[in-house]
Amino acid sequence: MAITNATPFIPSSHQALRSTILEDLDAHPHRPVLLHGAPGIGKTTLAATLDPSHCTHVDLQHVDDLDGLIQLVARATSFVQEPSPEAIEQEALLTLLAEHLSRRGQRRTPLVLDHADACTQAVNDLITALTTSSDEATGLECSHPILIIARHTFSLPGNVTARELPRLSRTQGLTFLAHLSPRNWEQDELEAIADAVMHHPHSL
């Protein structure tokens with residue numbers, strides 16, 4: 001999974017974590033990564049820098065249960081199945097989805113599950129099913145790189161690697177705002193904006 005240059009800008013303080021996540025997903029594609037941190041500090045933006053032309057971004061804000069999550073992931077990853085996924089029992093569908101993601105995972109295109117806070121139990125159930133060893137429920141271990149994004153940690157299988165995105169310091173926030181500025185803001189203007197967004201300039 002190559003680091004690309006034509007990517008959204010992120011603060012230099014986040015670059016090291018970006019490299020670590022890339023290494024995690026490359027070296028252990030069967031081990032999902034949970035990226036967590038306070039709202040507005042750039043978790044989604046960081047995920048978009050992994051490989052913006054190939055990442056599959058799935059927004060979970062309006063997902064209620066495991067069935068809804070499965071259907072959303074199936075559509076996002078172009079999972080085509082006859083009969084339609086809606087007509088297949090959940091356990092069988094999970095097995096087919098795991099097979100599909102494993103084949104797709106050979107291209108090392110990360111599946112990003114964003115706003116996982118909205119449906120933590122469904123995400124836990126999905127990851128558990130997809131990463132179960134061969135003698136368990138689905139009969140298949142999914143070797144597809146998966147990045148989960150949430151504001152906080154929550155119950156997930158033991159094979160998930162958790163990485164925290166730290167808050168920006170005031171100095172880092174001011175530097176980042178200056179980089180994004182459409183004009184040459186004065187220092188007092190930058191400080192006023194930083195104060196307004198609690199030093200989390202990505203929330204702009």
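Two strands count as paired if DSSP finds at least two bridges between them. Keep that in mind while you work through these exercises on a predicted model.

**Exercise 1. Get an overview of the protein chain: list how many helices and strands it has and the pattern they follow.**

Step 1. Start with the counts: the protein chain has seven helices and five strands.

Step 2. Now read along the sequence, and you get α-β-α-β-α-α-β-α-β-β-α-α.

Step 3. Add the burial: 47% of the 204 residues are buried.

Step 4. Look at the contacts between residues at least 6 apart in sequence. Of these, 76% join residues at least 24 apart.

Step 5. Finish with the surface. About 10000 Å² is accessible, and carbon and sulfur atoms account for 49% of that.

**Exercise 2. Work out the order of the strands in the sheet, and say which strands sit at its edges.**

Step 1. Go through the pairs. E2 (residues 56-59) and E3 run parallel, joined by four bridges. E3 (residues 111-114) and E4 are parallel too, with three bridges. E1 pairs with E4 in the parallel sense over four bridges, and E1 also pairs with E5 in the parallel sense, again over four bridges.

Step 2. Chain the pairs together, and you have an open sheet of five strands in the order E2-E3-E4-E1-E5. The edge strands are E2 and E5, since each pairs on one side only. From one strand to the next, the twist averages 20°.

Step 3. Check some residues across the sheet. Asp-59 stands opposite Asp-114 in E3. Val-112 faces Leu-147 in E4, and Leu-147 is also the bridge partner of Val-33. Leu-113 stands opposite Ile-148 in E4. Over in E5, Arg-163 is opposite Leu-35.

Step 4. Now add helices. H1 packs on the sheet and touches E1, E4 and E5, with its direction at about 170° to that of E5. H5 packs on the sheet as well, touching E3 and E4, and its direction makes about 165° with that of E4.

**Exercise 3. Are the faces of E3 and E4 covered or uncovered?**

Step 1. Take E4 and count: five of its five residues are buried.

Step 2. Sort the E4 residues by side. Ile-146, Ile-148 and Ala-150 are on one side, Leu-147 and Ile-149 are on the other, and both faces are covered.

Step 3. Do the same for E3. Leu-111 and Leu-113 lie on one side, with Val-112 and Asp-114 on the other; these are all buried, so both faces of E3 are covered too.

**Exercise 4. Find the buried side of H1 and name what covers it.**

Step 1. Check the length. H1 (residues 12-27) has 16 residues and reaches 23 Å from its first C-alpha to its last, close to the 22 Å expected at 1.5 Å a residue.

Step 2. Pick out the buried residues: His-14, Leu-17, Arg-18, Ile-21, Leu-22, Asp-24 and Leu-25. They cover an arc of only 160° around the axis, so they're on the same side of H1.

Step 3. Think about the spacing. An α-helix has 3.6 residues a turn, so residues three or four places apart point the same way.

Step 4. Turn to the other side of H1, where Ser-12, Ala-16, Glu-23 and Ala-27 are exposed.

Step 5. Name the cover. The buried residues of H1 are covered by elements including E1 (33-36), H2 (43-48), E4 (146-150) and E5 (161-164).

**Exercise 5. Classify Thr-77, Ser-78 and His-115 as buried, partly exposed or exposed.**

Step 1. Recall the cut-offs: buried is under 20% relative accessible area, exposed is over 50%, and partly exposed is in between.

Step 2. Thr-77 sits in the loop between H3 (66-76) and H4 (90-105). Its relative accessible area is 3%, so Thr-77 is buried. Leaving out residues up to four places away in sequence, Thr-77 touches Thr-56, Leu-97, His-100, Leu-101, Arg-104 and Leu-111.

Step 3. Ser-78 is in the loop between H3 and H4. At 56% relative accessible area, Ser-78 is exposed. Look at its backbone as well: phi of Ser-78 is near 55°, a positive value in a residue other than glycine.

Step 4. His-115 lies in the loop between E3 and H5 (120-130). With 30% relative accessible area, His-115 is partly exposed. Phi of His-115 is positive, near 55°, and this residue isn't glycine either.

Note on methods:
Residues numbered from 1 in each chain as written. Predicted model: local features only at pLDDT ≥ 70, side-chain atom pairs only at ≥ 80, totals over all residues. Heavy atoms only, no water. Helix = DSSP H or I, 4+ residues; strand = E, 2+ residues; numbered from the N terminus. Buried < 20%, exposed > 50% of the residue type's maximum accessible area, 1.4 Å probe, protein only. Contact = heavy atoms within 4.5 Å. Areas by Shrake-Rupley, 256 points an atom, 1.4 Å probe, with all protein chains shown as cover. Expected span 1.5 Å × (residues − 1). Arc of directions from axis to C-beta. Axes fitted to C-alpha atoms, helices over the stretch in contact; angles between N-to-C directions.
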